[in-house]
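This report concerns a buried-residue environment and a covalent cross-link in one protein model. The sequence and structure are shown first.

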Amino acid sequence: QVQLVESGGGLVQAGGPLRLSCAAPGRTFSMFVMGWFRQVPGKEREFVASINWGGGSTDYASSVKGRFTISRDDASNTVNLQMNNLNPEDTAVYYCAARLAFSSKYVYWGQGTQVTVSS
């Protein structure tokens with residue numbers, strides 16, 4: 001079992017930045033592909049970004065490409081999502097998730113952190 005804990009959510013004005021972090025206390029996730037997802041009430045959870053275990057490969061949803069950056073520090077077991085130039089459409093609960101490299105299914109999820117962007 002891998003416990004994921006997100007932090008860094010909050011209220012920010014449109015155009016501003018916010019940085020989310022995901023930690024796995026007491027557990028290394030260096031062999032996992034880490035991802036960020038987000039969900040708005042009444043809508044499906046959507047993919048935001050992912051990073052492979054070595055950090056050399058990243059993937060982004062088209063809606064955030066160029067504004068968001070995912071990074072990881074396996075030494076400290078953290079994954080970060082730097083979000084710049086936020087807009088109200090980015091308002092959602094953001095979730096950190098993990099999957100094994102050979103699987104397409106994310107099996108470990110955090111509890112989520114709210115991000116609210118005011119116009």
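C22 is buried in this predicted model, its relative accessible area being 1%. Its partner in a disulfide is C96, with the two sulfur atoms 2.0 Å apart. C96 likewise counts as buried, at 0% relative accessibility. The structure holds one disulfide. The C22–C96 link is left-handed, with -75° about the S-S bond. Because C22 belongs to strand 3 (residues 18-23) and C96 to strand 9 (residues 92-100), the pair ties together parts that lie 74 residues apart in sequence.

Both cysteines are also in contact with E6, a residue of strand 1 (residues 5-7). Beyond its neighbours within four places in sequence, E6 touches S21, C22, W36, Y94, Y95, C96, G110, Q111, G112 and T113.

Which residue carries the nearest side chain of opposite charge to E6? That residue is R45, at 7.6 Å. A salt bridge requires a separation within 4 Å, so this distance is too long for one. E6 is therefore buried without a salt bridge. Its side chain does, however, approach two backbone nitrogen atoms, those of C96 and G112, as tabulated below.

| Side chain | Backbone nitrogen | Distance |
|---|---|---|
| E6 | C96 | 2.8 Å |
| E6 | G112 | 2.9 Å |

C96 thus appears in two settings: C96 is joined to C22 by the disulfide, and the backbone nitrogen of C96 is reached by the side chain of E6.

Methods. Residues are numbered from 1 along each chain as its sequence is written. This is a predicted model: local features need pLDDT of at least 70, side-chain atom pairs count only at pLDDT 80 or more; totals for chains, interfaces and linings use all residues. Side-chain values use heavy atoms; hydrogens and water are left out. Helices (H or I, at least four residues) and strands (E, at least two) are DSSP runs, numbered from the N terminus. Buried means under 20% relative accessible area, exposed over 50%, partly exposed in between (1.4 Å probe, protein chains only). Lys and Arg count as positive and Asp and Glu as negative; His and the chain ends are not counted. A polar contact is a pair of N or O atoms within 3.5 Å; within protein, one must be able to donate a hydrogen and the other to accept it, and residues adjacent in sequence count only if both atoms are side-chain atoms. Contact means heavy atoms within 4.5 Å. A disulfide is a pair of cysteine sulfur atoms within 2.5 Å.
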